[in-house]
Amino acid sequence: PCAAAPEPRRAGASRRCCAERCAMGTRRCPRSLCSYSTPQVLVVHDWRLGALYRALQLLILLYFVGYVFILQKGYQEHETRPESSVITKVKGVTESPSKVWDVGDYVAPPEGGSTFSIITRVEVSPAQTMDTCPEVSRGGAGSRAAARAARHGAPVRAGEKTGRCVPSAAGPGKSCEILAWCPADGGSVSESLAKMAAQFTILIKNSIHFPRFGFSKTNIQAAERSYLKSCTFNATSGLYCPIFKLGFIVEQAGEDFAELAEKGGVIGIIITWDCNLDLPGTECRPRYSFRRLDPKAASASPGYNYRFAKDYSWKGTPRRVLIKAYGIRVDVMVQGQAGKFSLVPTAINVATALTSVGLGSFLCDWILLSCMNKQQAYSSRKFEEVPAE
């Protein structure tokens, strides 16, 4: 027994030496690198803090369940901007004081693409020939101003100046002589085509394809050809009959047809495909909306118009008819998205939801340590340093 007595002393000395070495190592090592922290559970009996914590958890869960997963379908893989093609056909006949107009006269361009215009009013300048004639003055120009403009060779939009001054066609005084299609003042006659234009029918054939999911669909699903000859579009009973009357399109866009036909304008037809591919393909349906695209109250160049000419020969002399056309331009635009269940976005959103629930603990900890009356006592319990053995 006496011989065994030194062993405890040697063991105690060994433990003290180890502790001294650990303390020296701790002093040499930065504290942030040589320490480990672990969360400490602290139960605080405060109904206000508890109610806030549960309310935050409930709001976060409602956001992810209601908005992310149900409304935004966060469990699906999505594809936007489908591949799309649009083919259009216009039918109808109308008349003006001078002639009867059919599709070949009032539709441009005739290819039947996603953008086309329908003429509703024209200003016709008939029988123009290539000759010299007075320039049309845009303001009161005297003979001295006309001579100065002729000498300087200022550009004009109707033709090319010859450098000579001639009597003005608009009244007293002189103006520059130009080489152009004459008469340059036009002498146009206005004719309206809007008498029956509201009854024109427009067939819009749209096909879409989502390459990621290999899904394709069209907005026409009639088994018989005769169906399209007798139907018109209806959002409930004729959804797959994409034949629209021009007056219906203008009305749905919130415009007055007579006013729009007089000045012209641009109408957009937006076809939207929102396809949930977890459901049968028949549930993927097109949705149509209509609105005016150009500014209605624009002071500079309002409405929509363009010019074109029809050339012909009369007794060996080249002539042309210049037409300024006012009309309704239609732009068909296709947009949409498709979604299908995928494990990857589901796992990401579930993990995000579980992580976000911890925001409630972070906010309540901040309130506990910053705003409560016993914040010092809570802090001493929350953060406790334990020395290493």
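**Stop 1: Cys-133 and Cys-182**

Select Cys-133 and Cys-182 and look along the S-S bond: the torsion there is about -80°, so this disulfide is left-handed. You are looking at a predicted model, and in it the two sulfur atoms of Cys-133 and Cys-182 sit 2.1 Å apart. Now colour the strands. Cys-133 belongs to strand S6 (residues 115–134) and Cys-182 to strand S8 (residues 174–182), so the bond ties together parts that are 49 residues apart in sequence. Switch on a surface and keep both cysteines selected: Cys-133 and Cys-182 are both buried.

**Stop 2: the strands around that bond**

Keep S6 and S8 on screen and show the backbone. The two strands run antiparallel and are joined by 6 bridges. Which residue of S8 is the bridge partner of Asp-131? Select Ala-180 and you have found that partner.

Next, add strand S7 (residues 159–167). S7 also runs antiparallel to S8, with 6 bridges joining the two. To see one of the facing pairs, select Lys-161, which stands opposite Ile-178 in S8. Then follow the chain round the hairpin of S7 and S8, where 6 residues lie between the strands. Pause there on Gly-171, which takes a positive phi near 155°.

**Stop 3: two cysteines without a bond**

Select Cys-165 and Cys-176. Why is there no bond here? The sulfur of Cys-165 has its closest cysteine sulfur in Cys-176, but the distance is 5.5 Å, too far for a bond. Seen from the other side, Cys-176 is in no disulfide either, and its nearest cysteine sulfur is that of Cys-165. The surroundings of each are worth a look with the surface on: Cys-165 is partly exposed, with a relative accessible area of 31%, whereas Cys-176 is buried at 3%.

**Stop 4: the other disulfides**

The structure holds 3 disulfides, so there is more to visit. Select Cys-231 and Cys-241, whose sulfur atoms are 1.9 Å apart. Is this link left-handed or right-handed? With 90° about the S-S bond, the link of Cys-231 and Cys-241 is right-handed. Both cysteines lie in the loop between helix H5 (226–230) and strand S12 (243–245), so this bond ties together parts that are 10 residues apart in sequence. Cys-231 is buried with a relative accessible area of 12%, and Cys-241 is buried with 0%.

Then move to Cys-275 and Cys-284. Their sulfur atoms are 1.8 Å apart in a disulfide, and both residues are buried.

**Stop 5: Arg-121**

Go back to strand S6 and pick out Arg-121. Is Arg-121 buried or exposed? Its relative accessible area is 10%, so it counts as buried. Show what surrounds its side chain. A polar atom of the Arg-121 side chain lies 2.9 Å from the backbone oxygen of Glu-262. Beyond residues up to four places away in sequence, Arg-121 touches several others, among them Ser-190, Leu-193, Ala-261, Lys-324 and Tyr-326.

Now add Glu-123. It forms a salt bridge with Arg-121, with the closest N and O atoms 3.3 Å apart. Glu-123 is partly exposed, at a relative accessible area of 21%.

**Stop 6: a salt-bridge network**

Side chains of opposite charge can pair when their charged atoms come close. A search of the whole structure finds 12 salt bridges. For another of these, select Lys-296 and Glu-255, whose closest N and O atoms are 3.5 Å apart. This pair links distant parts of the chain: Lys-296 is in the loop between strand S14 (286–292) and strand S15 (305–314), while Glu-255 is in the loop between helix H6 (246–252) and helix H7 (257–263), 41 residues apart. Lys-296 is partly exposed, with a relative accessible area of 47%, whereas Glu-255 counts as buried at 17%.

Add Arg-292 and Asp-294 to the selection. They form a salt bridge too, the closest N and O atoms being 2.8 Å apart. Arg-292 is buried at 15% relative accessible area, and Asp-294 counts as buried at 14%. With these four residues displayed together, you have one network: salt bridges with shared partners join Glu-255, Arg-292, Asp-294 and Lys-296.

**Last stop: the whole chain**

Zoom out to the full cartoon, where the chain has 9 helices and 16 strands. Of its 389 residues, 32% count as buried.

How values were computed: Residues are numbered from 1 along each chain as its sequence is written. This is a predicted model: local features need pLDDT of at least 70, side-chain atom pairs count only at pLDDT 80 or more; totals for chains, interfaces and linings use all residues. Side-chain values use heavy atoms; hydrogens and water are left out. A disulfide is a pair of cysteine sulfur atoms within 2.5 Å. Helices (H or I, at least four residues) and strands (E, at least two) are DSSP runs, numbered from the N terminus. Buried means under 20% relative accessible area, exposed over 50%, partly exposed in between (1.4 Å probe, protein chains only). Two strands pair if DSSP finds at least two bridges between them. A polar contact is a pair of N or O atoms within 3.5 Å; within protein, one must be able to donate a hydrogen and the other to accept it, and residues adjacent in sequence count only if both atoms are side-chain atoms. Contact means heavy atoms within 4.5 Å. A salt bridge is a side-chain nitrogen of Lys or Arg within 4 Å of a carboxyl oxygen of Asp or Glu.
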